[in-house]
Every structure is written in structure tokens, then in C-alpha cells.
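Trainee: I would like to go through the enclosed spaces of this model with you, one question at a time. Could you show me the sequence and the structure before we begin?

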Amino acid sequence: MNRAIVCSFAILMALICMPGPGAGAEEPSATDVATRSLEAFYYPGDDMRTRVTMVLVNAQGKKRVRELTLLRKNFGTEGDQRYFIFFHAPADVKGTTFMVWKNPAKEDDRWIFIPSVNLVRRIAANDKRSSFVGSDFTYEDVSGRDVNDENHQILRTEEMNGRSCFVLESTPRAGADYARRVSWIDTERWVPLREEYFDVRGEKVRVFTAGAVEEIGGHWTVSKRTMANLQTGHSTEVTFENMTYNVGLKDDLFTERYLRQPPRKWIQ
Amino acid sequence: VLVLLVTAVFGSQFPRIHIDTDPENMLEADQPDRVVYNLTKREFGIHDMIVLGITDEEGVFRPETLARVERIVEGILRIRGVITDDVISLTTTDDVKSEAGLLDVRRIMEAVPTDDAGALSIRDAIEANPLLSEKIASRDGKGIAIYVPIERKDQAHRVGNEIETIVSAELAEGQAFHLAGLPVAEDTFGVEMFQQMGRMAPLTGLVILLLLWVLFRRLALVIPSMVVAMFSVVWGMGLLVGTGATVHIMSSMIPVFLMPIAVLDSVHILSEFYDRYPHIRDRRETLRQSMESLFTPLLYTSVTSAVGFGSLMLAPIPPVRVFGGFVAFGIMSAWLLTITVIPASIMLIREERLKATLRDGEQPQGVLGRLLSSFGRGVLARRRTIAVAGLVLLAVGVFGVSRIVVNDNPVNWFAEGHRLRIADREMNRLFGGTYMAYLVLEGEDAGVIKDPEVLSYVAELQRILKKDPVVGKTSSLADIVAQVGTVLHDGDPAYRVIPANPEELGQYLFLFEMSGDPGDLDNFVDYDYRYTNVWVQMKRGDNKDMMRVEESLAAFMDQHPPPDGITVRWSGLTYINKVWQELMVVGMRNAILGGFAAVFLLMVILFRSPLLGLISMLPLTFAIVLSYGLVGLVGKDYDMPIAVCSSLALGLSIDFAIHFVQRFRSQLAAGADAEAANRYVFREPARAIARNALVIIVGFLPMVLATLTPYKTVGAFFALLMTFSVMTTLGLLPGFLYTTAGRFFRPATGLVPDPRNGDNQ
């Protein structure tokens with residue numbers, strides 16, 4: 001597995017050094033597209049800080065709003081990442097913090113701090129396909145998957161929201177909660193504009209849409225995104241504000257100590 | 001030709017038939033409790049659910065059985081129409097365990113265990129989590145349940161069948177499965193209702209045909225009667241389907257009801273014709289005389305029957321209204337068809353053949369006739385004894401009526417031994433209870449449900465509810481908060497409480513929201529935390545059980561009112577069933593009283609005498625009081641079918657009295673004295689009445705063989721009603737008429753000659 005990731009990074013480096021598709025080079029392979037898309041979507045910058053508004057909408061159209069600060073830092077070259085989340089709202093949960101160590105090759109490590117009882121608890125869960133903080137996004141949707149977890153195939157190239165897109169079909173190699181996903185990947189910016197997840201019955205069950213794409217600090221970023229569950233009628237809309245890359249987050253920020261005492265400097 | 005055309009028009013509506021088995025439709029769409037129920041379902045995202053129970057005599061928690069369960073769930077997740085995200089099972093639902101500062105969030109069964117110890121530890125984990133115990137697995141470890149929410153109710157049949165295919169292929173010896181849940185019950189009921197309708201209607205028809213043939217021995221005359229019956233059924237049902245009304249359990253019985261009733265008038269005409277013909281020996285003249293003496297009673301019996309059924313239209317239950325209205329329409333159709341088709345078909349038979357038949361047919365009539373004549377003399381002689389005996393019986397009946405227990409449970413509409421009854425019993429033995437009721441707490445502002453005081457009150461209500469043995473399990477937001485508290489503190493049971501600090505409570509809920517799927521809390525609380533829903537699972541769905549639970553909770557709430565601004569309301573199907581039943585009891589009582597008054601009024605008009613009107617009401621009163629008294633005495637629940645029968649009784653048991661009194665009176669008017677009149681009515685009229693009673697009693701009996709209990713009940717009860725009615729008419733009326741003959745007759749002397757002044761006959 002590790003070797004596979006190293007491998008995929010090698011391909012990535014090669015791609016970055018290569019001229020873009022506009023320069024008359026050969027069409028990129030499906031795996032190339034998938035790799036570049038994952039990199040553009042999940043790994044831009046060394047670190048990142050943003051204020052997030054997460055709106056959960058249930059089938060009756062009622063909303064629950066969560067405000068949080070999200071800090072992310074890439075670790076090493078094997079795809080490890082650490083996330084730090086501070087909840088501002090709802091009011092009664094303000095101060096709750098959450099940390100994820102994404103370990104591409106094994107179970108993630110997660111910790112939560114509950115201020116009212118002053119307790120930090122480690123959460124063990126081997127399911128990266130489970131809901132990310134109760135939203136319609138899964139942990140994997142937020143932190144990405146490995147290119148080799150799926151087989152990729154370019155179906156066609158077509159326009160989406162006025163942008164030229166590769167239409168990529170990806171099929172998980174091991175069992176997953178989806179049987180197949182189809183993504184529309186911007187041929188120049190490499191971010192996905194739409195993703196559709198199909199279950200074993202061939203039914204479309206979840207749809208990701210990019211609501212806004214901006215260039216921030218030289219990185220094309222999907223600053224507004226929605227995941228809709230077509231079965232339950234539930235959806236989650238996430239908006240990133242004040243996003244900054246390469247702010248210089250220290251490694252030790254992502255430790256239990258800071259869960260209890262969130263760094264004022266980064267949390268506003 | 002016109003008749004055929006009309007029949008064809010009505011018949012052409014049949015393909016548009018629409019079956020309705022949803023018990024909610026027993027209430028008006030805008031009935032307050034139903035509105036609340038719909039709101040509850042929408043607000044808390046409650047889907048229609050099929051519940052699959054799997055049992056293993058040697059225990060489910062063995063690696064081999066669990067592997068089967070895993071494969072079954074996998075199969076179910078592949079069925080179209082299943083809301084896969086919300087399937088609750090060992091392999092799709094999370095459990096949170098805690099140990100030394102670690103919260104371990106995993107599927108209840110992450111992987112099929114390799115040994116027995118591993119399998120049993122799954123069972124222990126379920127038992128340790130109050131949110132899962134008695135829901136996912138039974139206490140004794142011999143059963144597990146899989147909850148399959150479906151997108152739309154009309155897919156329940158297909159999804160149910162596919163589940164059945166998957167499960168039957170997977171299970172080994174000693175293992176069994178049960179399918180429960182409302183969609184399955186409704187669906188099965190719809191299918192069986194159709195079958196019953198298809199089987200019972202022809203069977204009733206056949207029985208009546210046979211009976212008529214035995215009585216009249218002339219197919220050419222019997223067939224038209226049946227045609228009349230069939231046509232009225234087609235008219236009634238055609239109009240029903242054509243107007244877009246749905247076929248409910250009640251309306252599916254329309255054909256079976258209409259057939260015997262429609263035959264009644266024909267039997268009167270035929271009976272009269274047969275009895276007169278040997279004397280007159282001219283079909284036209286016989287027919288003219290028969291119709292003359294029969295026209296008024298026929299019209300009135302039909303109108304009263306129609307009024308009896310029509311009184312059901314006063315009931316507050318839509319399917320009952322539909323039933324009453326269309327049967328009433330069918331009855332009037334039958335009357336119209338009878339007085340046109342039957343005389344016409346008699347005229348079509350050649351005179352010689354009639355003469356031949358009637359000579360053949362004299363024998364059985366003779367026996368019946370002799371029997372009735374001597375019966376008539378007997379009851380007149382012993383009229384005082386009979387009157388006293390009648391009074392005593394009536395008193396017993398009234399006592400019986402006072403002991404009637406009002407109760408219903410739609411699952412009991414399936415006969416004992418039906419697979420759904422077995423599933424119902426087994427599932428309720430193993431798990432928390434399949435009968436759902438909801439207790440909805442509503443606050444004035446968003447967020448109030450997070451108030452510790454409110455959730456503590458919820459926990460208190462649950463404690464009271466659980467005192468009733470019928471309540472198997474309750475679940476609420478309070479349970480979830482308590483469970484989070486426990487898990488967060490390494491499983492320390494001291495933390496299984498509602499925290500007093502609102503922030504702590506809010507953060508517990510947030511932790512639960514964060515560690516599960518977006519919809520996990522939806523069943524218990526709305527997005528704004530303004531409403532919360534307590535799931536009350538009951539092991540029995542009888543209305544009296546629901547009522548008792550409701551009353552004991554109300555008593556508690558009187559003593560301990562809810563926190564300020566919080567209102568508490570019941571909802572859920574078990575509660576809805578109770579509501580429509582209460583409406584039905586009151587509604588039926590009003591309908592029957594209204595019908596009783598209407599029929600009495602009709603009788604007074606018909607006989608132009610309040611006294612005669614009163615006397616003619618006797619058989620009806622006796623029939624109803626005695627039949628319902630019997631229901632009370634044998635302890636049979638007063639349920640929907642029984643309630644509906646009361647109005648039917650109203651319309652039908654008066655028929656005999658009308659014929660009897662009318663003929664008695666016209667004899668007196670023609671100059672006979674009371675004794676002679678009595679002799680007369682015990683000839684042709686009594687024979688016609690006896691034949692009719694026989695037709696109805698026997699005609700309804702095949703329904704006893706039905707697999708759905710409402711059919712059985714109605715069949716048996718109806719036979720009973722008719723028996724009482726005919727006994728009272730023939731046994732009690734002669735005495736009363738004889739005793740009062742002078743009094744009731746005098747006011748009418750202006751119109752007809754006084755028999756005392758006329759010649760003796």
C-alpha cells in the first residue's frame with residue numbers, strides 16, 4: 001500500500017513537470033486524471049486554514065447550521081494529513097474540538113474534546129465511509145482516498161458549468177458502500193465539479209456538486225460544495241471563507257494538548 | 001335491454017377498482033388526530049417499515065447462523081425500493097463501546113465471528129446497550145430482527161416477496177423467519193380481501209341458488225331472481241368503483257350483503273305466486289293479485305332496509321359511510337329490478353309448464369305450511385307465556401349488552417393461525433413490541449427540548465409507561481443522552497442520567513450527532529429541537545390496551561404536569577386505531593338511534609298507527625338486543641364488523657314485521673276477526689317469511705368459512721340476527737296483534753268497514 005502511494009506521488013511529480021494538455025501533448029491516462037484531481041482537491045498547499053459554515057438540510061427542508069474553523073496540514077510524502085476542527089456554533093457546543101490524523105494505509109485516529117465535562121476521548125472507527133461530523137460527507141469525501149483504491153476509466157470529455165471536463169468513472173477495488181462513481185473533472189484546474197455515486201443496485205444515491213471555484217493563493221479551490229443523499233433527501237452544504245494556504249501551522253498543534261486549549265492565534 | 005345496458009355501464013367501471021387497506025383511512029383526512037399523525041411521521045422522518053425476524057432454536061449467536069444473517073442483509077441491501085442507508089441490522093448499525101478513554105464506533109457485527117465466544121460477545125454487547133436491546137436481538141438470543149424501511153408503501157408487496165426469497169434460500173433447519181410491519185399486513189390484507197370477495201360472492205350466490213331451487217323447483221324462475229341479485233351487485237359495486245370510492249374491507253363485503261337482500265323481494269313474489277297459483281290457475285291474474293298485496297310491503301321493506309344501511313352514512317368513518325351508501329343504492333336497485341324483471345320472467349313461462357311445476361312443488365310447501373299453521377295456533381294460545389318469556393329474554397339481552405367490551409385490533413382481522421397472526425405473536429414475544437405509538441412533546445420555542453428539565457420529564461413519562469405490562473420498550477432522546485453519558489464515562493452506569501447542565505446535555509447530543517449518520521436523531525427530535533418523540537412499543541395492539549396506557553399516563557400527568565410551555569400528545573398507528581374505534585362506537589350508536597327513529601316513523605306512516613308502528617318494531621328490537629346481548633355474554637369484543645351489523649339488522653329485521661303486520665291488518669280490514677287474520681298470516685305470508693329467513697341465514701353462512709375474521713363475524717352474526725328476528729316476528733307478534741287488534745283498528749274505521757259490523761267470514 002505504501003509503495004503504491006509513493007508510486008502515485010512519483011507519477012504526480014512527473015505530471016507536474018510535464019506540459020499541460022493544452023500544449024498538444026497526448027491525452028492523459030485515466031489514472032493520471034484521477035491522481036491530479038486528488039492532489040488538486042485534497043492536498044493543495046503545505047497547510048491551510050479556513051472558516052467553515054456547514055448547513056445540514058433534512059428532507060423537510062429544515063436546517064442545522066454549524067460554524068467551525070478548520071486547520072489542515074500535510075505530513076510527509078505518503079499522503080498523511082492532520083485536521084484540527086474548532087466548533088463555534090451552535091452556541092451550546094462552542095469550544096468542542098475535534099482532531100483527525102488521516103493515515104492512508106490504516107485506520108484514522110480521531111480525538112474529540114468535550115468542554116462541559118473536560119474530557120478528551122479517542123475515537124476508533126475503521127470506516128472512512130462513515131459520516132463526517134454527522135454530515136452527508138464521509139471522512140473520505142473530506143480527506144480524500146488513494147488513487148489505487150479504485151480502477152479509473154475516462155468515459156468522455158464534456159462541458160460542465162461552462163468548463164471542459166473529463167468524465168471519469170471509478171470503481172472501488174475492494175468492497176465499499178458505493179459500487180461506482182462518476183466524476184466531472186475540470187481539464188485545466190483539476191478540481192471535480194460534480195460526482196455521482198451509484199450503489200450496487202445501479203441507483204444513484206449521492207451527488208456532489210461544486211458550487212463555487214476560486215483561485216486562492218495559486219490553488220484552484222472549491223469554496224462551496226454540496227453533498228446530497230438522494231435516498232434520504234438529506235443534504236449538506238459547506239462554504240469555506242477566509243481560506244488561506246501555507247499559513248505556517250506547527251506540527252505540535254495537532255496534539256491532545258491543543259484540543260483542550262485551542263490555539264487562539266488560529267481560531268477566530 | 002335497458003337493464004342490460006345500465007348493467008353494462010356499471011360493470012364497465014370494474015377495471016378501475018382501487019383497493020384501500022390503509023387503516024388510517026378509517027378517519028377523515030382532516031381528522032385532528034390523523035393530521036397530527038401525518039405531521040409526526042413527516043417531522044420525524046418515519047418511513048414505512050418491514051420488519052424481518054429470524055429465529056434459531058439453538059440460538060442465533062453462533063458463527064454459522066450469523067454468517068447467514070450477514071448474507072441476508074447483503075441481499076436485502078440489493079433490493080430496489082429499500083432505503084439502504086436506514087436499514088437497521090447487525091451489520092449496518094453502529095454500536096459505540098467505551099474502554100479506558102476510547103470510544104469504539106463499529107458495526108454491531110463488524111465481521112462474522114470465528115468462534116462461539118465471539119458470537120456471544122455480540123449478544124452481550126447488544127444487551128448492554130439499551131438503545132439496541134430487544135430491538136436488534138431478543139433477550140434469549142434466539143431471535144434477531146432486521147428493519148427494512150421502504151421508499152413507498154405500494155412497493156411493500158414486491159420488497160416483501162424478494163426478502164422472502166432471499167431468506168428462505170438462506171435458512172437451515174431449526175431456523176425460521178417472520179415478516180411483520182404494517183405495510184406487510186396491509187398488503188396481505190388487500191390481497192386476501194380480493195380473494196375473499198372473489199370466493200365468497202360466488203359461493204353465497206351458489207348457496208342461495210341451490211336453496212331457491214329446493215324451495216321453488218323451477219330453474220326458469222330461480223335464475224331471474226339470481227340475475228336480479230347479480231345485477232344489483234353490479235350496479236352497486238359499479239357505481240362505487242365508478243365514483244372513485246376505494247374498496248375497503250367493508251365495501252368488499254357489499255356483494256355478499258346485497259345478494260341475499262336482493263333475493264328477498266323475489267322470494268316474496270315467487271312465494272306468493274306459488275301459493276296462489278294453484279287456486280287461480282292463471283298466471284296474469286295470479287301475478288296481478290300477488291303484486292297488489294305485495295307492492296306496499298315490498299316498497300316499505302326495501303325503503304327500510306335502505307334506510308338502515310343509509311343510516312351508516314351518518315357514521316364518522318369514511319369506509320363505513322361508503323359501505324352504507326352503496327348498499328342502500330344496491331337495495332333500491334334490487335327493488336326496481338325485482339318488481340320489473342320477476343313478473344316479466346313469470347309471464348315468459350308457458351302456462352302448462354307452470355301448472356306442472358306447481359303440482360310437483362306442493363309437497364314441501366305442504367310440510368312447511370302445516371308446521372307454520374300449527375305454530376301460529378300455538379303461539380296465539382300461549383301468547384301470555386310467550387310475552388313473559390320474551391320479556392325475560394329481553395332483560396337477559398339488556399344485561400348482556402351492558403357487558404359488551406368495546407375493542408378491536410386490525411391484526412385480529414386475520415384468522416387465528418394465519419401466518420401474520422403467528423408472526424405478530426412471535427415477534428412480540430421476542431422483541432420490544434410491534435405495535436407503535438408515539439408520545440410527542442411540543443415546546444413553544446426552538447431548542448426547548450434540550451432543556452434538562454424537559455428531558456428529565458420525558459424519562460419520567462417513560463418510567464410510568466413501562467409499568468404497564470403491554471408496553472415492551474420505550475425509546476427517546478433521554479435514552480440517547482443517558483447512553484452517551486455512560487459511554488463517555490467508560491461505561492459507568494452512574495452516568496446513565498440526564499445531565500443537569502444544559503451545555504453538557506447539548507454537547508452529549510452533539511457528540512451523538514457527530515458520531516452517527518445525519519438522520520440518526522431524526523426519529524426522536526426535529527431539527528429545531530422543538531418537538532421530541534417518544535417511541536412506545538407495545539406487545540399488543542388492542543384498543544383497550546392503548547386506552548389503559550393512555551389513561552394511566554394522563555393520571556400521572558394530572559399529578560405531575562409537564563414543564564411550562566410543553567404539551568404532550570399521543571400519536572402513532574396504535575393510537576389512531578383507538579381513535580377511530582371510539583368514533584365508531586359513538587357514531588354507530590347515533591347511526592342506529594337515527595335509523596331506529598327513521599324506521600319507526602316509516603312504520604307509523606305505513607300503518608297509520610303509532611301502536612302498530614311500535615308493535616312492528618318489536619322483532620327488530622328483540623333481534624338487536626338479543627344478538628348484542630349474546631355478544632356481551634360470550635365475551636366477544638365489540639369490533640368494527642359487529643358495530644356495522646347493527647345498522648344492517650335495523651334494515652333487515654323489520655322486513656318480516658312489515659309483511660306480517662301489513663297482511664294481518666289488511667285481513668282485518670277485509671273483515672276478518674283477529675283469529676282468522678292470524679290463521680291467514682300463518683299461511684302464505686308466514687311461508688314467505690320463513691323461506692326468506694332461511695335464504696338469508698343459509699346465504700350468509702358460507703362467510704363463516706372465510707379466512708378474514710370480519711367476514712366470519714358478519715356471517716355468523718347475521719344468521720343470528722335473522723334467527724332472532726324471525727322468531728320474534730312469528731312468535732311474539734301474533735299475541736300482541738291479537739290483544740291490541742280492537743284498539744289499533746278502531747282509528748282506521750273511517751276508511752274501511754268495521755269487521756264487527758260486517759259479515760262473519
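Trainee: Which strand of chain A gives the most to the lining of the largest cavity?

Mentor: Bear in mind that this is a predicted model. Several elements of chain A each supply at least two residues of that lining, among them helix 2 (30-42), strand 1 (47-57), strand 2 (63-75) and strand 13 (235-245). The greatest contribution, however, is one of five residues, and it comes from strand 12 of chain A.

Trainee: How many of the residues in the lining of the largest cavity are nonpolar?

Mentor: The largest cavity, with a volume of about 340 Å³, is lined by 29 residues, and those nearest its centre are Leu70(A), Asp141(A), Val142(A), Arg225(A) and Phe240(A). When the lining is divided by residue class, four residues are charged and one is polar, while the number of nonpolar residues is 24.

Trainee: Which helix of chain A provides the largest share of the lining of the second largest cavity?

Mentor: The second largest cavity has a volume of about 90 Å³, and its lining includes Ala34(A), Ser37(A), Leu38(A), Arg181(A) and Glu195(A). Strand 9 (180-186) and strand 10 of chain A are among the elements that each supply at least two of the lining residues. The largest share, five residues, belongs to helix 2 of chain A.

Trainee: How many residues in the lining of the second largest cavity are charged?

Mentor: Arg145(A), Arg181(A) and Glu195(A) are among the residues that line the second largest cavity. The lining divides into seven nonpolar residues and two polar ones, and the number of charged residues is three.

Technical notes: Residues are numbered from 1 along each chain as its sequence is written. Chains are lettered from A and ligands numbered from 1 in the order in which they are written. This is a predicted model: local features need pLDDT of at least 70, side-chain atom pairs count only at pLDDT 80 or more; totals for chains, interfaces and linings use all residues. Side-chain values use heavy atoms; hydrogens and water are left out. On a 1 Å grid over the protein atoms alone, a cavity is a set of points where a 1.4 Å probe fits but cannot get out, and a pocket is an open set with protein on both sides within 12 Å along at least five of seven lines; lining residues have an atom within 4 Å of a point. Grid points are joined across faces, edges and corners, and a volume is the space filled by probe spheres set on the points. Helices (H or I, at least four residues) and strands (E, at least two) are DSSP runs, numbered from the N terminus. Ala, Val, Leu, Ile, Met, Phe, Trp, Tyr, Cys and Pro count as nonpolar, Asp, Glu, Lys and Arg as charged, and the others, Gly among them, as polar.
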